[in-house]
Amino acid sequence: MIQLYSFLNNYKIKTRKTMNFLQNLALSYSHKAMQKSLENGFNVKLLKEGQEKKINPKKSYMLYAHIPFCHTFCPYCSFHKYYYDENLAKRYFESLREEIKQIKDKGFDFTSMYVGGGTTLINEEELAKTLELCKKLFNIKEISCETDPNHINPKKLDMFKGLIDRLSCGIQSFDDDILKKVARYNKFGSSKELQEKLSKAIGILPIMSIDLIFNFPSQTKEQLLNDLEIAKNLKPQQITTYPLMKSNLTKDNIAKTLGVSFKDNEFEFYNIITDYFKDYERNNAWSFSLEKNTFNDEYVSSHHEYLGVGSGAFSFLDGELLINAFNLNDYSKLVKEKQNANIAKANFGKKEIIKYVFLTEMFTGKIEIDKFNKTLNCNLEKDLFVELLGLKLSGAVKKENNTLYTSEFGQYLFMVLMKDFYTGMDLVRAVFRDDKRLQNKDHISIMHENIDPLNFKSMEFNQ
């Protein structure tokens, strides 16, 4: 505790980091540009039958698998999920493994795999069988999974030795008051109980990441620093600090359960976090490691081409986004009939692809221009001339030896843009969870759809 307050006092003495006019302008412009890109890109074509996933021999792919089940729902989470039912989950895993076999039959191979949810370890036995199958069928060298604090029992984690290389555990906060407000205290335990669970789990698998959220309404600097100090003292291999993500669909529920902030502390809290972890290796704008490691939550930064399996999974292949069926019955039916499980697609123009890859790579802190140009067959400095000029004028990006680097402000800006991208995806998930909305349509412009937040929550809880 003495260390915490010493850090806070030292931080107060430093020159306060504030955004200047150009930086505010860069943030505003970038936010609007992201909204425009999402609007342009998500004019989605609804498919009468699933589209074949084709292999480009010049590219390498990551495999993404979605596990859409949770025991309980958190108020700020908008990911695709259903309440857990053991029998339903077992049938789902059977369909998932069948889809994976079908992908193998098409000739795909993968060296990396990411399992997201939902709660990926919600049924350890079924997940283990699925991962074993993937390791058998493909040349997978690394697997990353997400989980919650109720699924890090050492005996259960022992099942995944040799299977899971990185496990990220969503803790969100070690503050009891915050845990109660976000309905996690009774579900997952007090701060003390969480620390005990983590201390027993860290070290069983090669990499454990503790995931925290910052900028909760009414969160104080002291609460934030206490979270950071506890996480650091537990010595996990990685610590990830996400900003609270509020979309139009979740903000009312967040306000209802967490309250409303009259001051946005995000920029100041972000600077506190980066100062606190300056002795750590930087994975990307919001992730830190004891040792340099590119294996982290944001797989889109290191894998531009990925194939998704499972209900609600996305694939990004050759500039095309393919969307798997969200409805569990529809998904299982498509897999059983050996049809491709995707029900929609969105095509992106070359410039939109360049901007997307630029975002995901700058999110990690740098871009090697020649390598970027070769990979995308483009001229980055020409194709994004206006965007780069604004980033350079605001001090977000600098060029050295044909490499673009982010400044401290640039790291924050790209964190905000990634947050904008993920909150924009909330609407995509909401649209595809609404079966009636998709009926008798050939196209749907996602970003122009009007989703009532109350209907959204009702739809989510009743699936």
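So, burial: of the 463 residues in the protein chain, 59% are buried. Keep in mind that this is a predicted model. The accessible surface of the chain comes to about 20700 Å², and carbon and sulfur atoms account for 50% of that. On secondary structure, we have 19 helices and 19 strands. And if you take contacts between residues at least 6 apart in sequence, 74% of them join residues at least 24 apart.

Okay, let me start with a helix that is mostly covered. That's α11, residues 266-276, where 11 of 11 residues are buried. Have a look at who's in there: the buried residues include Phe267, Phe269, Tyr270, Ile272, Ile273 and Tyr276, but also Glu266, Glu268, Asn271, Thr274 and Asp275. So there are acidic side chains on that buried list, Glu266, Glu268 and Asp275 among them.

Now turn to α16, residues 385-393. Which of its residues are buried? Those would be Glu387, Leu388 and Leu391. They span an arc of only 95° around the helix axis, so they sit on the same side of α16. What lies over them? The cover includes helices α2 (21-41), α13, α15 (380-383) and α17 (408-433), along with strands β17 (397-400) and β18 (403-406).

Flip α16 around, and the face turned away from that buried side carries Phe385, Val386 and Leu393, which are exposed. Just past the end of the helix there's Gly395, with a positive phi of about 80°.

Those exposed residues come back when you look at the surface. There's a nonpolar patch of about 860 Å², made by Phe21, Leu22, Leu25, Tyr29, Phe385, Val386, Leu389 and Leu393. Both α2 and α16 put at least two residues into the patch. Remember that α2 is also part of the cover over the buried residues of α16, so here the two helices turn up together again, as contributors to the patch. If you want one residue to click on, try Leu22: it is found in helix α2, and at 39% relative accessibility it counts as partly exposed.

Right, on to charges. How many salt bridges are there? The structure holds 20. I'll go through a few.

Take Asp442 and Lys48: they form a salt bridge, with the closest N and O atoms 3.2 Å apart. Asp442 is in the loop between α18 (435-438) and β19 (443-445), and Lys48 is in the loop between β1 (43-46) and β2 (62-67), so this pair ties together parts that are 394 residues apart in sequence. How open is it? Asp442 is partly exposed, with a relative accessible area of 44%, and Lys48 is exposed, at 72%.

Next is Glu98 with Lys338, another salt bridge, at 3.3 Å between the closest N and O atoms. Glu98 belongs to helix α3 (residues 86-105) and Lys338 to the loop between α12 (328-336) and β15 (342-347), so here the parts being tied together are 240 residues apart in sequence. In terms of exposure, Glu98 is partly exposed at 25% relative accessibility, while Lys338 is exposed at 60%.

Then there's a local one. Lys355 and Glu352 meet in a salt bridge at 3.8 Å, N to O. Both are in helix α13 (residues 350-362), 3 residues apart, which is about one turn of the helix. Buried or exposed, then, for Glu352? Buried, at 19% relative accessibility; the cut-off is under 20%, so that's the reason for the label. And α13, you'll recall, is part of the cover over the buried residues of α16.

There's also a network of salt bridges, linking Lys59, Glu305 and Asp318.

Last thing, cysteines. The disulfide count is 0. Where is the nearest cysteine sulfur to Cys134? That one belongs to Cys145, and it is 9.9 Å away, with Cys134 in no disulfide. Cys134 is buried, with a relative accessible area of 0%. Cys169 is buried too, again with 0%.

That's my tour; happy to pull up any of these on the screen.

Terms used. Residues numbered from 1 in each chain as written. Predicted model: local features only at pLDDT ≥ 70, side-chain atom pairs only at ≥ 80, totals over all residues. Heavy atoms only, no water. Salt bridge = Lys/Arg side-chain N within 4 Å of Asp/Glu carboxyl O. Helix = DSSP H or I, 4+ residues; strand = E, 2+ residues; numbered from the N terminus. Buried < 20%, exposed > 50% of the residue type's maximum accessible area, 1.4 Å probe, protein only. Contact = heavy atoms within 4.5 Å. Areas by Shrake-Rupley, 256 points an atom, 1.4 Å probe, with all protein chains shown as cover. Disulfide = S-S within 2.5 Å. Arc of directions from axis to C-beta. Patch = residues over 30% accessible without salt bridge, like charges linked within 9 Å, V, L, I, M, F, W, Y side chains within 5 Å.
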